[in-house]
Amino acid sequence: METVYGKIFFLIFIALIGIEIIWTILQKKKNYNLKDSLANLVIILIGKALKPIALLWGLMIFKIVTPFKLIEIPINLFTLILTFLAVEFVYYWYHRWSHEIPFLWAIHHTHHSSMWFNLTAAGRLNWIGKFTSVLFYVPLVLIGFLPELISLSLAISLLYQFLLHTELIGKLGFLEGKFFNTPSAHRVHHGSNKQYLDKNYGGMLILWDRIFKTYIPEKEKVTYGVTTGFMGHNPLVIIFKPIIDYSKTILEKK
């Protein structure tokens, strides 16, 4: 059944990209680059191939720590909402630390290195991150949150975040900066403009950015990419060069 859902999502993913490309052509926008999009698709397909292994890894980690949980949290509407809010809280800090901690940034760098912002960039994710990110949700399992609900909440949030990677949707008026994340807010997050750096970390919610004062609205045109410059279109370079560069800096300090 999961395979069926996976195929359906992938078809929807391709269809939405097609719609965005048509819109881009009609509007004479320049938010797609053929080589960049092909690199993103290669990264996505290899990531998709690694997903079963990453899922098994996550399940194994959760299974190991589950016997040590502090309490048994029952399943009801309140705890479903509480689990989702907790997962979004952890995601906020994981995402924020991925910008602030050099090792995590070396992994997350992949996602920000594209100079074109579109739906294919949503899947431009480092393969190693599929195995490290799960570790940040271990505290929730130790508290007593159900691993299945944690995984479900994260899946919903990531699906929502896919839709944020577009210029097709403009600002949403009074909804901006209130509770839910928006494409406008996420464009800011991907900006290399000085005032946009390290802002808007939220997943599905912008709530935690408002609480921890990392929210900023989209005002001037966003310049995409990283401050260190263009990475090229080689998927292996996009994935591994930041990690290799980070490793070199560590070795040089020894």
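**Note on salt bridges and two helices**

The structure, which is a predicted model, holds five salt bridges. Three of these pairs and two helices are taken up below.

1. One of the salt bridges joins the side chains of D36 and R124, with a nitrogen-to-oxygen distance of 3.0 Å. Because D36 belongs to helix α2 while R124 sits in the loop between α5 and α6, this pair ties together parts that are 88 residues apart in sequence. D36 has a relative accessibility of 1% and so counts as buried, and R124, with a relative accessible area of 0%, is buried as well.

2. A salt bridge is also found between the side chains of K69 and E72, where the N to O distance is 2.9 Å. K69 is partly exposed, its relative accessible area being 25%, whereas E72 counts as exposed at 57% relative accessibility.

3. In helix α3, R96 and E100 are four residues apart and are therefore separated by about one helical turn; the two form a salt bridge in which the closest N and O atoms are 2.9 Å apart. An α-helix has 3.6 residues a turn, so residues three or four places apart point the same way. R96, at 17% relative accessibility, falls under the 20% limit and counts as buried, while E100 counts as partly exposed at 43%.

4. Helix α4 is largely enclosed by the rest of the structure, because eight of its 11 residues are buried. These buried residues are L104, A106, I107, H108, H109, T110, H111 and H112. They pack against α3 (77-100), α5 (119-122), α6 (129-132), α9 (183-189) and α11.

5. Helix α11 covers residues 235-253, and its 19 residues should span 27 Å at 1.5 Å a residue; the end C-alpha atoms lie 28 Å apart, which agrees with that expectation. The helix nevertheless bends by about 35° at K241, and a proline, P242, follows within four residues. At the start of α11, a side-chain oxygen of N234 comes to within 2.9 Å of the backbone nitrogen of L236.

6. P242 is also one of the buried residues of α11, which include P235, I238, I239 and I243. The buried residues of this helix pack against α2 (34-65) and α4 (102-112). Helix α2, one of these two partners, is also the helix that holds D36 of the salt bridge with R124. For α4, the packing appears from the other side too, since α11 is among the helices against which the buried residues of α4 pack.

How values were computed:
Residues are numbered from 1 along each chain as its sequence is written. This is a predicted model: local features need pLDDT of at least 70, side-chain atom pairs count only at pLDDT 80 or more; totals for chains, interfaces and linings use all residues. Side-chain values use heavy atoms; hydrogens and water are left out. Helices (H or I, at least four residues) and strands (E, at least two) are DSSP runs, numbered from the N terminus. The expected span of a helix is 1.5 Å times one less than its number of residues. The bend at a residue is the angle between axes fitted to the seven residues ending there and the seven starting there. Buried means under 20% relative accessible area, exposed over 50%, partly exposed in between (1.4 Å probe, protein chains only). Contact means heavy atoms within 4.5 Å. A polar contact is a pair of N or O atoms within 3.5 Å; within protein, one must be able to donate a hydrogen and the other to accept it, and residues adjacent in sequence count only if both atoms are side-chain atoms. A salt bridge is a side-chain nitrogen of Lys or Arg within 4 Å of a carboxyl oxygen of Asp or Glu.
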